[in-house]
Amino acid sequence: MQSIPGETLAIDRKARVNMPFYDLDLRPAHIRACDFDEVVINFSVERAMFEASRCIHCPDPAPCMLACPTHNDIPSAMWLIEQGNFSEAANLYHKTSSLPQICGRVCPHEQLCQGSCVLNKSHTPVLTGQLETFAVEYHRRHKGLDIPLAAPTGKRVAVIGSGPAGLGCAEQLLQRGHEVTIFESKPAPGGLLVYGIPNFKLPKEVWFQTWEQFQRAGVRFIPNTYIGKDKTIDDLFNEGFEAVFIGVGSLVDAKMEQTLGTDLPGVYEATDFLIRGNVDPSLLPPEMRQPLKVGKRAAVIGGGDTASDCLRTALRLGAEEVTCLYRRTETEMPGGYKDRSMAREERAKYRFLTQPIQFIAGEDGNLAAVECIEMTLGEPDAKGRRKPVPVEGSNFIVECETAVLALGYWPDPIIGETTPDLATHDWGLITACGTTGATSRKGVFSGGDCVTGPDLVVTAMVAGRKAAWTIDEYLR
Ligand SMILES: Cc1cc2nc3c(=O)[nH]c(=O)nc-3n(C[C@H](O)[C@H](O)[C@H](O)COP(=O)(O)OP(=O)(O)OC[C@H]3O[C@@H](n4cnc5c(N)ncnc54)[C@H](O)[C@@H]3O)c2cc1C
Ligand code: SF4
């Protein structure tokens, strides 16, 4: 429900539809491609108030609210921002989201809130994501941020994984007075917010400011602890935890099986490449602290957002020529248009209908080239996507010293394998109810990428929040 019903506002909707649209301010491509600083320039107060005043306040429920996975009360926030009540707007976002300062930056807005804005029909949408970032940042700078806490219940919950799912769950449990301990296999908290999404989309300081909120709220964090190897879920129950939430993501890089040369020096998996390229070595496990060696020419294989992130990271690490090799056409690419267009502005090139068939070493034993074959699109597969088929005799060489495999992600089956009675499916995804997060094992709940497969920050966070509500009922 909208807290400020649009019908009650005396506004001239026609005049609002005709207001001019100014797109996001981005740092110039030739400058931003040389550093890892944030690409989008945050709104000024005046710019934010103007942009929010373009909202025509649709009747409740507004399409943007319905399209937002966490159902932020966007129209009411737009009204408050327009009136200069930035902190009140921020409080609205904090009611429905555990990570608004992050979602405002990294959500694929054009597919969610902005994509459903009715102004798309005749004009251009309100930049709702950027306004969310503005309001929440303004509030944090001027008033600070704290998770509101309830009286302690004395109940202890273990959260496995500190990505958006684990954080969404932890934040809601803390608000209900439960004691939360997060077990994390990596040295620092954040999941893909730290060890995946590049700094030019989500600066690390935004994450660390967010994490300080969790620390002030009393969350316990146990790093470098791999559940399934260092201890099991049964061990956690034996230690006195009364419920467990699993939010371990889907983090195993897909391999290019049956392709020669993927083990050559110079060929990287996307996760390794992005982590070592974007994360301070002090936050890395010792085996990942070696600096990356990026050649003048880099090829990235894959068509998702991770591929765009790798292209843009390679450019920032000094590669002069960066090319994405994708086996279908641009129409079939799973990655979003926004990231691709920013990558293009920064000089990344795309080569479609191209399948690598082997990675070739130079005389020094390092990667020197990728042999590729041209593809054509054949009959649709079971999912309706036309299957890429090799064009016989069309082999060609792409010279490069660095190649990054950004082919997608699989779940890690270890939790399923080490937890009796926990149902899993499809190579290790955890079977859990999408509404409650309940699994086949009593007291064990789950959500995020380890249940759905790779998805989004906001959807993982929502799954964690919903599971926390069920855990709260279960504990009481
Ligand atoms: C390169 C990249 C860029 C992306 N960019 C975007 C974007 O711009 N916008 C967007 O919305 N989404 C993006 N995503 C997707 C988004 O990051 C994920 O959907 C989201 O982080 C999933 O959250 P999660 O909590 O389920 O898992 P994760 O964020 O993966 O967190 C899982 C955590 O569990 C830990 N863990 C794993 N196994 C264990 C274990 N056995 N014991 C203890 N800890 C364990 C991991 O170390 C990790 O910290 C991107 C993904 C990638 C890979
Ligand atoms: S959480 Fe994401 S989809 Fe929802 S309003 Fe914010 S940016 Fe839009």
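Which strands does helix α13 (residues 305-316) lie across? In this predicted model, helix α13 lies across β7 (297-301), β8, β9 and β14, and it runs at about 165 degrees to β8.

These strands belong to an open sheet of 5 strands, and going across it the order reads β6-β14-β7-β8-β9, with parallel pairing. At the edges stand β6 (267-269) and β9 (349-351); each has a single partner strand, so one side of each is left without a neighbour in the sheet. From one strand to the next, the twist averages 25 degrees. As a rule, strands of a sheet pair through backbone hydrogen bonds, and the pairing can be parallel or antiparallel.

Zooming in on one pair, strand β8 (residues 321-325) runs parallel to β9, and 3 bridges join the two. Thr323, for instance, has Lys349 in β9 as its bridge partner. Another helix also packs against the sheet strands: α12 (residues 270-278) lies across β6 and β14 (402-405), and its direction is at about 90 degrees to β6.

Then there is ligand 2. Where does ligand 2 sit? The place is the second largest cavity. Around ligand 2 are four cysteines, Cys68, Cys103, Cys107 and Cys113, along with Pro69, Asn72, Ile74, His109, Leu112, Gly129, Glu132 and Val458. Sorted by class, this shell has 8 nonpolar residues, 3 polar ones and 1 charged one. The charged residue is Glu132, while Asn72, His109 and Gly129 make up the polar group.

Definitions and conventions: Residues are numbered from 1 along each chain as its sequence is written. Chains are lettered from A and ligands numbered from 1 in the order in which they are written. This is a predicted model: local features need pLDDT of at least 70, side-chain atom pairs count only at pLDDT 80 or more; totals for chains, interfaces and linings use all residues. Side-chain values use heavy atoms; hydrogens and water are left out. Two strands pair if DSSP finds at least two bridges between them. Helices (H or I, at least four residues) and strands (E, at least two) are DSSP runs, numbered from the N terminus. Axes are lines fitted to C-alpha atoms, for helices over the stretch in contact, and angles run from 0 to 180 degrees between N-to-C directions. Contact means heavy atoms within 4.5 Å. A residue is near a molecule or strand if one of its heavy atoms lies within 4 Å of it. On a 1 Å grid over the protein atoms alone, a cavity is a set of points where a 1.4 Å probe fits but cannot get out, and a pocket is an open set with protein on both sides within 12 Å along at least five of seven lines; lining residues have an atom within 4 Å of a point. A molecule sits in a cavity or pocket if more than half of its atoms lie within 2 Å of its grid points.
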